[in-house]
Amino acid sequence: MKTITLDAGYLKNTITEEELSALNDPVQKAHYELHNETGKGSDFVGWVNQPRDFDREELQKVQKVAKKIRENTDIFVVAGIGGSYLGAKAGIEMLTPFFYNDSKKIRGDFPRVYFAGHHLSGEYLEALLTVLDEGEVSLNIISKSGTTTEPAVAFRILKQYMENRYGKKEAAKRIVATTDREKGALKELAHKEGYETFIVPDDIGGRYSVLSPVGMLPMAVAGIDVEEIMKGAKDAYSQLLEPDLKKNPCYAYSAYRNILYNKGKKIEILGNFDPRLTFFGEWFKQLFGESEGKEGKGIFPATLNFTTDLHSMGQYIQEGERSLFETVLKVGEEEGQLSIEKDHKNLDGLNYLAGKTFGEINEKALQGTLQAHHEGGVPSMILTLPKIDAYYFGYLVYFFMKACGISGYLLGVNPFDQPGVEAYKKNMFRLLGKK
Ligand code: PA5
């Protein structure tokens, strides 16, 4: 069976076998801390066994509610921020066809999906309300704490819109709340208004919650096969159980990152050559940034979308400060068959590409880029996923969550809290006169 593979061939000049072997014990320690729930933040490691132990009835409920939403909805709005937004957005961008929202021909009977509550732009919300008039609307408000300002204020506006348009009773039938089991303003409000609700598990923090209803409901509404996602995650769970980093690509990846960090490579670029992976990069950034960036430590996670960003950031990568390393997400199989035809006049000089598909050209761009970055002193790894589909999305999500937990433990931080996020909130609340 095909699986995700890690190629560290380009690290040979940078990392020795001895350096890697020296991390075998620390990685095993991190592995047991994670699995035995004895490490830092162990109240929030519910995601580790989630692919094995998840609540099947709940997944069925997700699918049932998604079907109901699809039947009466043209436009589905998902309001949330951070871990209550990026996983669903990443999955939808990765797994629905290009131009999904723009073309009925492409989308078929599935609703358009828009996001809200992930920033504080009033103009964005005003424009969104105009768009909502174009069809029947349903809404999913997602907030574990139920008190986060950005989604809460967006929801106040959207709820008002729904009630004005549909009346209170019908609006309530079109709103789903995904939140904590007991706590928070959203939980209380959802109960009072009689909304359908889904629970964010107590022991799973926002950025590790994509395999819960937080990510699954929006993806199911967009027609994504959530069973396949869980299948991929479950295979990742079992294949990445091996404590020995030499037999576990996920742990090898964590170890390489750690060694590179200690050699002064403080910035990791997650690069892709497929625009469907753009938002997966955003999800990755939050996962690693919020998990590792604390106590004055942590690799700064960056994402670049190639070849686009080779024309904006390529110069820096090639010749700027040598504090970078790169992980390239490569897709094994490009399914598009569009190719370049021969042109007799050849005025654009492109006949050397005649007969080649875009996939073949893109592959050469990837090889050329990796070689150039290697020569420019940017250590790189290649993570290949056989293809883009729901199964590999689930696999990849789990691969990175586990790599992140192990990386955090290797660094000596708690990868499951985010105390620093409170600082801006405190200032903002004071400036806004919150009592
Ligand atoms: O990963 C996290 O915990 C955070 O990014 C949260 O997901 C984010 O702040 C949103 O929080 P909430 O779901 O409570 O609204």
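**Exercise 1. In which helix does E193 lie? Then describe its surroundings.**

Solution. This is a predicted model. Start with the secondary structure: E193 lies in helix α10, residues 185-193. Next, take the accessibility. E193 has a relative accessible area of 24%. Buried requires under 20% and exposed over 50%, so E193 is partly exposed. Now look for contacts, leaving out residues up to four places away in sequence. E193 touches K159, E163, K168 and A172. Finally, check a C-alpha distance: E193 and K173 are 9.4 Å apart in space and 20 residues apart in sequence.

**Exercise 2. Judge the overall form of the chain.**

Solution. Count the elements: the chain has 18 helices and 10 strands. Then compare the radius of gyration with the globule rule. The value is 23 Å, close to the 22 Å that the rule gives for 435 residues, so the chain is as compact as a globular protein of that length. The C-alpha trace spans about 65 × 65 × 45 Å along its principal axes. Turn to burial: 53% of the 435 residues count as buried. The exposed area is about 20,200 Å², and carbon and sulfur atoms supply 52% of it. Last, take the contacts between residues at least 6 apart in sequence: 79% of them join residues at least 24 apart.

**Exercise 3. Describe the charges of the chain.**

Solution. Count the side chains by sign: 54 are positive and 60 are negative. Then locate the centres of the two sets. They lie 3 Å apart.

**Exercise 4. Classify two aromatic pairs between helices α14 and α17.**

Solution. Two quantities are needed: a pair of aromatic rings is described by the distance of the centres and the angle of the planes. The chain has 20 aromatic pairs. Take F280 and F393. Their ring centres are 6.2 Å apart and their planes stand at 80°, so the pair is edge-to-face. F280 lies in helix α14 (residues 278-292) and F393 in helix α17 (residues 390-411), so the pair ties together parts 113 residues apart in sequence. Both F280 and F393 are buried.

Now take F284 and F400. The centres are 5.4 Å apart and the planes at 75°, so this pair is edge-to-face. F284 in helix α14 and F400 in helix α17 are 116 residues apart. F284 and F400 are both buried. To finish, place the four rings in their cluster: it is formed by Y253, F280, W283, F284, F288, F393, F399 and F400.

**Exercise 5. Is S84 buried or exposed? Find what it touches.**

Solution. Locate S84: it lies in the loop between β2 (75-79) and α5 (86-95). The relative accessibility of S84 is 10%, so S84 counts as buried. Leaving out residues up to four places away in sequence, S84 touches I142, S143, K144 and V214. Add one distance: the C-alpha atoms of S84 and G205 are 9.5 Å apart, with the two positions 121 residues apart in sequence numbering.

**Exercise 6. Examine the backbone at F306, E37 and F99.**

Solution. Recall the background: most residues other than glycine have a negative phi, and most peptide bonds are trans. The peptide bond from F306 to T307 is cis, with omega near 5°. T307 lies in the loop between β8 (300-305) and α15 (314-319).

Next, phi. E37 has a positive phi, near 60°. E37 sits in the loop between α2 (24-36) and α3 (50-53). With a relative accessible area of 42%, E37 is partly exposed. F99 has a positive phi, near 65°. F99 is in the loop between α5 and α6 (104-107). At 57% relative accessibility, F99 counts as exposed.

Note on methods:
Residues are numbered from 1 along each chain as its sequence is written. This is a predicted model: local features need pLDDT of at least 70, side-chain atom pairs count only at pLDDT 80 or more; totals for chains, interfaces and linings use all residues. Side-chain values use heavy atoms; hydrogens and water are left out. Helices (H or I, at least four residues) and strands (E, at least two) are DSSP runs, numbered from the N terminus. The radius of gyration is taken over C-alpha atoms; the globule rule is 2.2 Å times the number of residues to the power 0.38. Buried means under 20% relative accessible area, exposed over 50%, partly exposed in between (1.4 Å probe, protein chains only). Contact means heavy atoms within 4.5 Å. Accessible areas come from the Shrake-Rupley method with a 1.4 Å probe; for residues, only the protein chains shown count as cover. Lys and Arg count as positive and Asp and Glu as negative; His and the chain ends are not counted. The place of a charge is taken as NZ of Lys, CZ of Arg, CG of Asp or CD of Glu. Rings of Phe, Tyr and Trp (its six-membered ring) pair if their centres lie within 6.5 Å; planes under 30 degrees apart count as stacked, over 60 as edge-to-face and the rest as tilted.
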